[in-house]
Every structure is written in structure tokens, then in C-alpha cells.
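The report below considers how the interior of one protein chain is put together. Please look over the sequence and the model before reading on.

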Amino acid sequence: MKLYPAIDLRGGQAVRLYQGDYDQMTVYSEDPVDVARSFKEKGASYLHLVDLDLDGAKDDTTANMTTIAAIAKQGGLFIEAGGGIRDEARIEQYLSLGVERCILGTIAVKDFDFTARMAQKYGPKIAVGVDMRDGLVAVNGWKEVTPEPGVAFCRRCAEAGVQAIIATDISRDGTMQGTNMDLYRELLQISGLEITASGGIARMEELAELQAMGCHAAILGKSIYTGAIDLKQAVALYQE
């Protein structure tokens with residue numbers, strides 16, 4: 001299983017949100033490049049970046065492109081990045097910085113045809129982030145809940161040629177209450193999808209369970225910042 005330590009970027013700082021709430025934001029570091037370096041030193045080979053300044057729920061400008069470029073320039077990490085991508089130009093911009101995979105979120109729901117085209121054109125360089133509240137797809141920085149069930153949407157993505165899904169149960173994100181194992185068991189029944197578990201992973205035992213059920217990857221956020229999960233140990237035990 002691949003382990004993706006996460007860095008949420010806002011104003012050039014590494015932050016964490018509680019259930020996606022900007023009013024419940026903790027700044028963990030003013031030097032995200034150093035944070036990425038520390039992850040690498042602990043054995044991480046992968047990195048999950050979210051550009052919160054680009055988030056569709058906020059504004060359409062970002063102060064984080066130079067930070068992302070600096071992290072990529074270090075080398076040694078497979079980087080996936082997202083947080084409000086709306087067009088192909090942004091995908092190309094991220095890829096040009098050294099990002100290996102771009103995550104489509106709200107746009108995947110709002111313009112499914114665009115997502116299908118990007119999946120066909122870029123293949124494994126595209127992932128779709130599917131955020132769910134009470135089982136339904138949520139968009140626009142998790143503020144708007146759609147009527148479409150998340151699992152059904154993931155199935156639709158697979159049929160359109162999407163290869164990778166990053167699935168988040170919003171109610172668990174940043175809460176340290178454990179992740180939604182039942183959700184991932186259901187998603188893993190969809191053929192042709194690599195499933196990444198995201199949101200609420202708080203214990204090493206959860207990583208063992210996700211690995212055992214065949215989850216492709218797991219994203220670690222607050223748990224590694226608070227020390228609930230030791231990243232170096234997790235990598236040694238569970239990273240392929």
C-alpha cells in the first residue's frame with residue numbers, strides 16, 4: 001500500500017483543517033518545503049498536496065505555486081496535488097512544476113465530460129477526489145452536498161476511464177476518530193479503480209486493515225502531525 005503524508009497549503013504555510021472548516025485551521029509549519037523534506041527523511045516516497053488557496057470555495061488565486069515547485073525540485077517524492085482545479089491549463093501548470101498526478105474535485109462533478117476527457121488524455125496522471133457527507137458527494141469546499149451517492153459517482157468515474165479515486169468521508173476528516181472502513185470495502189468492489197483512503201485515519205491498526213482489504217493507498221494528515229501515527233514506523237510496516 002502506498003502512504004501519502006499530506007500537506008495542506010494556505011498562504012505558503014502548512015496547515016490542517018477540521019472537517020474542511022477554514023475557521024478551524026491549525027498552522028503546523030511556515031515552511032512546507034521543510035515538512036516535505038522531513039517526510040522524505042522518514043522514508044516517505046509519496047506526498048499529497050492540497051492547495052487551499054486554489055479551493056473553489058475561496059478565491060481563484062494561489063500563493064502556493066512557488067512552494068509546490070520547491071517541494072517538487074527536492075526530488076524523491078511522487079507528488080499528487082489538487083484543491084480547486086477547474087481547467088486543463090491548471091493541470092498542465094501542476095505537471096510542469098513536477099507534480100505527477102492532479103486531483104479533480106468539484107469540477108469532476110460539475111463538468112463530468114471534462115473529467116472524462118482529462119482521464120482519457122492523461123490516464124494515471126489524473127485522480128478524482130470524491131468527498132462524501134452522509135454518503136452523498138459534496139463539492140465547493142464541502143459546503144454543497146449533491147443528491148448523488150458517492151459510491152455511484154465512483155462507479156460512473158470508473159466507467160468513464162478514471163483510474164484512481166481518492167475517497168474522503170468528510171465527517172471523519174481531521175477528527176482523529178478513525179476512518180470509514182465500510183466505505184472502502186464497498187468501493188473496492190468496483191473493478192478498474194485504485195482506491196485511496198482519506199480522512200480520519202488515526203491508528204496503525206487502521207493501516208493494517210486497509211492494507212489487508214487491498215486498498216491502493218492511504219492519506220495521513222492530522223495523525224502524523226499530532227504524533228498519533230509515527231510516519232517512519234508506518235512506512236516501514238505498511239508501505240510497499
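Which residues have the most contacts inside the largest nonpolar core? This is a predicted model, in which local features need pLDDT of at least 70 and side-chain atom pairs count only at pLDDT 80 or more, whereas totals for chains, interfaces and linings use all residues. Residues are numbered from 1 along each chain as its sequence is written, and side-chain values use heavy atoms, with hydrogens and water left out.

The residues in question are I7, I91, I165, L187 and L207, within a core of 71 residues; a nonpolar core is a set of buried Ala, Val, Leu, Ile, Met, Phe, Trp, Tyr and Cys residues joined through side-chain atoms within 4.5 Å, buried meaning under 20% relative accessible area and exposed over 50%, with a 1.4 Å probe and protein chains only. A second, separate core of nine residues includes A6, Y46, A217 and I219.

In helix α8 (helices being DSSP runs of H or I with at least four residues, and strands runs of E with at least two), M204, E206, L207 and L210 are buried. Seen down the axis, these buried residues fall within an arc of 155 degrees, taken over directions from the helix axis to the C-beta atoms, so they line one face of α8. The face turned away from that buried side carries the exposed residues E205 and A212.

Elements that cover the buried residues of α8 include the following:

| Element | Residues |
|---|---|
| β1 | 2–10 |
| α7 | 181–187 |
| β11 | 194–198 |
| β12 | 217–220 |
| α10 | 231–238 |

Terms used:
Contact = heavy atoms within 4.5 Å.
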